[in-house]
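Here are some friendly notes to read alongside the structure. Keep the viewer open and look up each residue as you go.

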Amino acid sequence: MTKHTTPFLMVDYDLLGFNSVEVNGETHEVKLHHKIVYSYLLSLSGTFKQVTPSLTGIGKRLGLGTDQTVRRHIKDLVSFGWVQVVSEGRKGMTNIYIVLPYHQKPPVTAVSYTHLRAHETCADL
């Protein structure tokens with residue numbers, strides 16, 4: 001006899017603890033929607049591989065509404081450095097999403113030495 005199970009979405013406890021991320025020196029809020037979309041893409045990818053869900057499919061599955069809303073959340077995840085989007089040469093097709101480890105530092109621009117020194121304390125030296 002097989003037991004009927006309902007699919008569920010796992011969200012890493014550490015991910016739930018993220019409230020903000022710094023991108024290019026600016027702090028950005030990490031909202032629950034970001035965590036849910038990231039976890040959903042990760043669940044589809046298994047082990048940080050490529051996935052190709054449609055924006056409409058993501059929106060319907062997660063109850064996020066329009067493609068525009070989903071696109072905005074994914075754009076944020078890309079800026080956090082948690083997801084890469086491959087759309088080159090895929091006109092008219094769904095994007096390829098590469099899910100990256102969320103603890104990976106986001107891409108940053110060069111920071112001046114003076115800026116770094118201004119934020120150091122005696123313990124840092």
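1. Start at Gln50, whose bridge partner in β5 is Ile98. Please keep in mind throughout that this is a predicted model. The link between β3 and strand β5 (residues 96-99) consists of two bridges, and these strands run antiparallel.

2. Now step back to the sheet around that pair. It is an open sheet of three strands in the order β3-β5-β4, and the pairing is antiparallel. Its edge strands are β3 (50-51) and β4 (83-86), each of which pairs on one side only.

3. Ile96 is worth a visit too, and you will find it in strand β5. Is Ile96 buried or exposed? Its relative accessibility is 13%, so Ile96 counts as buried, the cut-off for that word being under 20%. Setting aside neighbours within four places in sequence, Ile96 is in contact with Gln50, Val51, Thr52, Gln84, Val85, Val86 and Arg90. One of these, Thr52, lies 44 residues away from Ile96 along the chain, yet their C-alpha atoms are separated by 4.8 Å.

4. Next, look at the hairpin formed by β1 and β2, which has two residues between its strands. In the turn, Asn24 has a positive phi of about 50 degrees. Four bridges join β1 to strand β2 (residues 26-29), and the two run antiparallel. Within this pairing, Val23 stands opposite Glu26 in β2.

5. Strand β1 (residues 20-23) is a nice place to practise reading side chains. Which of them point to the buried face? Val21 and Val23 do, whereas Ser20 and Glu22 point to the other face and are not buried. As a rule, side chains in a regular strand alternate between the two faces of the sheet.

6. For a contrast with Ile96, turn to Tyr13 in helix α1 (residues 13-16). Tyr13 counts as exposed because its relative accessibility is 73%, and the cut-off for exposed is over 50%. Together with Leu16 and Leu32, Tyr13 forms a nonpolar patch on the surface, with about 380 Å² of accessible area in total.

7. Finally, check the confidence before you trust any detail. The chain averages a pLDDT of 79, and 76% of the residues score at least 70. Among the elements of the chain, helix α4 (residues 67-80) has the highest mean pLDDT, 94, and helix α5 (residues 113-119) the lowest, 45. Over residues 106-125 the pLDDT is below 50, and this stretch has 17 contacts in the model beyond near neighbours in sequence.

Notes
Residues are numbered from 1 along each chain as its sequence is written. This is a predicted model: local features need pLDDT of at least 70, side-chain atom pairs count only at pLDDT 80 or more; totals for chains, interfaces and linings use all residues. Side-chain values use heavy atoms; hydrogens and water are left out. Patches are made of residues with over 30% relative accessible area and no salt bridge: like charges are joined within 9 Å, nonpolar side chains (Val, Leu, Ile, Met, Phe, Trp, Tyr) within 5 Å. Accessible areas come from the Shrake-Rupley method with a 1.4 Å probe; for residues, only the protein chains shown count as cover. A salt bridge is a side-chain nitrogen of Lys or Arg within 4 Å of a carboxyl oxygen of Asp or Glu. Buried means under 20% relative accessible area, exposed over 50%, partly exposed in between (1.4 Å probe, protein chains only). pLDDT is the predictor's confidence in each residue, from 0 to 100. Contact means heavy atoms within 4.5 Å. Two strands pair if DSSP finds at least two bridges between them.
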